[in-house]
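Here are some exercises to work through with the structure open beside you. Try each one yourself before you read its solution.

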Amino acid sequence: MDLVQQDLFGVASEMKEVEYVEKRLVKEAMGSKSVDTLEIVCKHLLFHPSIAAESSGKDFVNLPSLSAVHNIVIPLLERLRLPDISSATIGKIRECLTKIVVGLSQNPTVSAVELMPFVHATVAPFLLGSGLLSDYSEINACSDGESSYAEDSDYDETEEPITVSGTGERGMLLKHTNQTLSREQLQKRRPTDVAQWHPSTLNTPVDSKSARALNAKQNRAMQQVLDGENAPKLTGKARHGLLEKIVAENLNDPSKACGVIFGLSLLHSCLKKSKVNSNDLQTLSMADPFVPMLTHCITTCENNEIVLLSLKLLGHLLYWDLPSMKKYQRKLASNVLKLLALSGGVLSSKHEVTHGCFKALTLLFDKQILYDHRDSQEKTSEEVHLNETIDLGDQTKNPTSVVKLPLNQEQMKVLVSMLLLSMTDTEHHNSTFSLIKAIVSRRFLSPEFYDLIEKLLELSVQSLKAGVRQHSSSIFLKFLITYPLDRKRLLQHLQQIVLNIKYEYEEGRLSAIKLLDSVVDKLPLPLLEQHGKIFFFPLVLQLVNDESNSCREAAAHVITNLFKRSSMDQLQLYYDYMKRWFLEQGDAASSLRRTSAQLFGLLVESRADFFVGRKNNVSSELLEMINTVLKQEISKEEPVQPVQWETSYFCLVCFEKIVKKSLAILSSDSCVDVWVKTTEFLVYPHPWVKQVSSRIIFSYLQSLSTNGFDCVKESSSTSQSSFTVREKGSLFQIAKNICVQLNCSDDQYNESIAVLGIKILTWISQRMRDSPHLCYKETDISNKDPLFWLITRLANMSKEKGNLRRATVFKCFASIICAESSDEKGITPYLEVMLEALHRPIAEEEGASANNRSSLRSCNTSSLSETTDLPKEVMNVLEEKCGTEAFLNAYAIVKLKAREKKMARKQMIMSEAINDPKEAAKRKIQKQTKEKERKKRKIEERKASRGVFTKKKSRLNEY
C-alpha cells in the first residue's frame, strides 16, 4: 500500500499531473497500474476483518498483520476525512474503492458473517459525521451481533499522526485504528512529537483583492441577525431539525458520500451475486441494523448514487423477514414518497430514482400483506384462546376485515396522482404497473383510484406497446373481480370492454378481445348469466365483420368460453337465436346462415352435452338443417360471392365435429343424406371445401371395421349399416370425385388435399378388391372390375404433363401396392397398366437426352432426375411385390407397345406431310416456336447462373 499510495497521491502522481512534462518520452508517465493492482489483490486476499476484534487486548507489537482488507481500505478512507482534500483526490480514491469492490465481489473467501459487520462499521461513521476511523469500535460491536457507536472522547491530543505503514509500536497501532482502546491503554501510549506542521490552504485568498472580499464577506456574516426562521432552534421539538440539517450536510459532502458509496456498493454487489444466504438466522440478525441505516440514507441524503444504492439494497432486504422492517415500514414508505415528490416525479430526468422508489413502494405494499396476515393469525389464536374460556357468541369479528396500508389517506392520494402521470411513460412502465397491482391487491378505495382504473382500461386498447396493454388488462381484470362494485358501475365497465373490441387498429382490438376472454373466464357464474347477452351479440358481429384473422380467431375463442360457462337454459336461448338465423331464406340471408353455421360448430365443439339426453332431438334437428342448406348450396351453378362457399364450408365443419363427438347415429336417414352431399362436395371449386370434405370422408372410412366390412349381408338392418353399404355405388362415386380432385394443374395443386386423396383411394382400393358389389348400383357386375377402372383412371391422368400430378399418381400406385397382401396374384392383373404410366417419364427423359445432349449439360439436370427417381422407386417396389419374372415380362410388353406407338406416330406425321401439307406446316411452325422459346429460356437460365440480369426498360422509352 505504500507504493500504491505514493504512485497515486505522492510525488510521482504530482509529476504526472504537471502539464509541461513530456509524458510521451517516459513510458511510466502515460498511465498507472496501481488501481488494477488493488483489484487483483482484493480478488485473492483472505477476507477476515473480524480478526481485529478477536485480537482485542493482545500485544499489538508482537502480532503480525491482523487484517489485509483493513490495510487496504483504511488508508483510503482516512484520506477522505482530510479537511483540505481536493476533488481530484476524491476522484482517485473513488476509483480505487470501485476496484476494491470489484475485487472483493469476486473473492471466494467473502462470507456474510464477515461482510455485513465490515460494511456496517465502514458506513456508520460517515453517516454520523464523527472523527477518524481509529475512534470507532464498530467492528467489535458488529461481530457480537450488535451495532454500537463510540462515545465522544477527549484523547485527540494523544493520537498519533496518520501514516501508511511503519514499524514498532507506532506502526502496529495504526494497523489497529479500528479498535476502541480504554483510557488506561491510551495513557500508556508513548506521546510523539510533531514532525511537520502543514497549515490548511483551504479558501486561502490568492491576491489582496480576494482577501479584502473575503474579509468583507466574513464581516457581513458576523453582523447578520439570525432571527425568525433563520434563528437556531435549540429547545422544544424543533431542536432536532438543526441536528438533522448538520448530519445531512455532512452526508452530502462529496468525500463522505464516497465512503458511503463504497460500503453500499460492496454490500449490493455481494447480494446481487448471491454471496449471502437469506435463510441463515445469523445473517438475518446482522442484516437487521441496515434497515434504519438505509432509511436514514434515503431520508437525509441528496446524492443520487447513495439513494439508488439504498433503494436497491432495500429491494433485497424487503424480501427477508427482518424484525425491524415492520417497525420502519411506515417511515420508510413516507420517506420514499417524499423522495419521489422531491425528485420531480415522472417529469424529471432522474428515471432511475423515480422507478427505484416505485419498486420500493411495491415491495412495501406486498410486505404489508405478509405482516397483516401474520398479525391476523396471532389475533385469531388469541381469540381462540379467549373463546375457550369465555363464550363470545356472535360478537367475534374477523380481524382481517380492516385493510392496513403503509401510507395514510393523503399520501395515497399523492401517490395515485403520480401513478396517473407515470402511466404515460412507455419506457419505464414495469415498476409503475407493479405498484398499481400491489395497491389493487390491498383494495384501496378512493375516487382518484377509480379514475386511474378507467385510464388503465383506456391504455389496454390505445397504448402502442404490447407490454403496457398486457399490464393494463391484467390489473383491470383484478380490479373488476376483487373490488366491490355496484350494478351500475359494473355494467358501465362491461359495456366499455365490449365497445373496445371495435377499436380502429388491430392490436387494440386484439387486446380488448383478450381482456373480454379473461372477463368471461373469471366472472362469477350468476353475473355471467345476467350479462351474457352483452357479450354474445357484439362477439358474433366481430366474428363475421372483422378483417383480421387473429381477431376473428380470438373472438371465436371467447364465444367458445362463453358456451362452456353458460347453463343449459342460456345455451338454449343462444341455440334459438342461431336456429332462427340459419333458417332465413333468400340471398340476403346468406351471411346469417354462414354465421349461424360457424356458431353451431363452436357450440358442438365446446358443449357436446347440450346435444345429448335432450327431450327434443337437437342433433337430428341440426343435421336436417345442415342437409337442407348443403342441398341448396350444391344446386347452385357457380359460387359468385365468398359468403356462399363459406356457408358450405362451415356447415361441413359443423358436421365434422358432430361425427367426431359421436352426437348422432351415422346410419340414420338424415345423416346418410349429409354423407351423400359431402361426397358431392369433393369436387367443389373452392379448395377449403374440398379439404374439409376429404377430411370427413377419410375419418369416416378409417373408423369403419375393415375385418367385417365385406361380410355385410343383405339381411342386415339398414339402421345399423354404414352409408357406403346402404347407398350402393357410393364408394365408386367417392373414388371418381377424388380422381377429379387429383387431376389438376400444378398451379392449383394442394399438398394436403393430395395426401388425403391418396389415403382415401388406398382404403377404397382394398374394399374394391374385397367387396366389388358395393361399388355399383347394378346387381350384375360379373364383367366389371372397379379396381382395374381405378388404376386405369390414374394411369390416364399421368399422361398429361405436370410433375406434381404425376408424382401424386405414382405415390398413389405405391400406396396401393404396399396395402395389398403378399399374394402375387393380387396386383399382377394391373401390372401392365401401372408400368405403362411409370415408363412414360423415363422414356421422355431418355429421348430428351438423346436428341440434345449438348444442351442438357447447361440446363438444370436435377429437376429431370427428380421426375425419374420416383417412378424408378415405385417400379422397384412393384418388382418386389409381383416377382422378377412377371415384372420383366410385363415391362417388355410395355416397352414393345411404346415402341410401336412411337413408330406409328412417326408414320402418321410423314403421311400428313403428303396428305395434308397445311396441317404439317402448322405443326412445323409450332415446333419451331417451341424451340425458340426453349433456347431463349436456356439463355436466361445461363445468365442467371452467372449473376447477369437484363436491365429494366427505362420509363422514358415508354413515351
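## Exercise 1: a helix inside the fold

Of the 20 residues of α36, 14 are buried, so this helix is largely enclosed by the rest of the structure. Keep in mind that the model you're looking at is predicted.

**Task.** Find helix α36 and work out what its 20 residues should span at 1.5 Å a residue.

**Solution.** Start with the ends: helix α36 covers residues 751–770. The span is 1.5 Å times one less than the number of residues, so the expected value for α36 is 28 Å. Now check the model: the end C-alpha atoms of α36 are 29 Å apart, which agrees.

## Exercise 2: the whole chain

**Task.** How many helices and strands does the chain have, and what share of its residues count as buried?

**Solution.** Go through the secondary structure and you'll get 43 helices and zero strands. Then turn to burial: 43% of the 959 residues count as buried. One more step tells you about contacts along the chain. Take those between residues at least 6 apart in sequence, and 73% of them join residues at least 24 apart.

## Exercise 3: helix α22 and its neighbours

**Task.** Which residues of α22 are buried, and which helices do they pack against?

**Solution.** First, the length. Helix α22 runs through residues 466–482, and its 17 residues should span 24 Å at 1.5 Å a residue; the end C-alpha atoms are 24 Å apart, which agrees.

Next, pick out the buried residues: Val468, Arg469, Ser472, Ser473, Ile475, Phe476, Leu477, Phe479 and Leu480. Look at what surrounds them, and you'll find α20 (430–441), α21 (447–462), α23 (487–500) and α24 (506–522).

Now zoom in on one of these neighbours, α20. The axes of α20 and α22 are 10 Å apart, and the packing angle is about 5°. An angle under 35 degrees counts as roughly parallel, so α20 is roughly parallel to α22.

Finally, list who meets whom. From α20 come Asn430, Phe433, Ile436, Lys437, Val440 and Ser441, and from α22 come Val468, His471, Ser472, Ser474, Ile475, Lys478, Phe479 and Thr482. Sorted by class, this contact has six nonpolar, six polar and two charged residues.

## Exercise 4: two left-handed crossings

**Task.** Are α5 and α6 roughly parallel or roughly antiparallel? Do the same for α37 and α38.

**Solution.** Take α5 (residues 68–80) and α6 (residues 87–105) to begin with: their axes are 10 Å apart and they pack at an angle of about 155°. Angles over 145 degrees count as roughly antiparallel, so that is how α5 lies against α6. The crossing is left-handed.

What meets in this contact? In α5 you'll see Val69, Ile72, Val73, Leu76, Leu77, Arg79 and Leu80, facing Ile93, Cys96, Leu97, Ile100 and Leu104 in α6. By class, that's 11 nonpolar, no polar and one charged.

On to helix α37 (residues 786–797) and helix α38 (residues 803–819), whose axes come within 9 Å and cross at roughly 155°. That makes α37 roughly antiparallel to α38. Their crossing is left-handed too.

Here Ile791, Leu794, Ala795 and Met797 of α37 meet Arg805, Val809, Cys812, Phe813 and Ile816 of α38. The classes come out as eight nonpolar, no polar and one charged.

## Exercise 5: three single residues

**Task.** Where do arginine 443, valine 683 and arginine 840 lie?

**Solution.** Begin with arginine 443, which you'll find in the loop between α20 and α21. Check its backbone: phi is positive, about 55°, although this residue is not a glycine. With a relative accessible area of 48%, arginine 443 is partly exposed.

Valine 683 sits in the loop between α32 (669–680) and α33 (687–703). At 37% relative accessibility, valine 683 is partly exposed. Leave out residues up to four places away in sequence, and valine 683 touches Lys690, Asn737 and Val740. Its C-alpha is 7.7 Å from that of isoleucine 738, although the two are 55 residues apart in sequence.

Arginine 840 belongs to helix α39 (residues 831–851). With residues up to four places away set aside, arginine 840 touches Ala795, Ser798, Lys799 and Arg806. Last step: measure across to valine 894, 54 residues apart from arginine 840 along the chain, and the C-alpha separation is 9.8 Å.

Technical notes. Residues are numbered from 1 along each chain as its sequence is written. This is a predicted model: local features need pLDDT of at least 70, side-chain atom pairs count only at pLDDT 80 or more; totals for chains, interfaces and linings use all residues. Side-chain values use heavy atoms; hydrogens and water are left out. Helices (H or I, at least four residues) and strands (E, at least two) are DSSP runs, numbered from the N terminus. Buried means under 20% relative accessible area, exposed over 50%, partly exposed in between (1.4 Å probe, protein chains only). Contact means heavy atoms within 4.5 Å. Axes are lines fitted to C-alpha atoms, for helices over the stretch in contact, and angles run from 0 to 180 degrees between N-to-C directions. Angles under 35 degrees count as roughly parallel, over 145 as roughly antiparallel, 65 to 115 as roughly perpendicular and the rest as oblique. A crossing is left-handed if the near helix is turned anticlockwise from the far one by less than a right angle, and right-handed if clockwise. Ala, Val, Leu, Ile, Met, Phe, Trp, Tyr, Cys and Pro count as nonpolar, Asp, Glu, Lys and Arg as charged, and the others, Gly among them, as polar.
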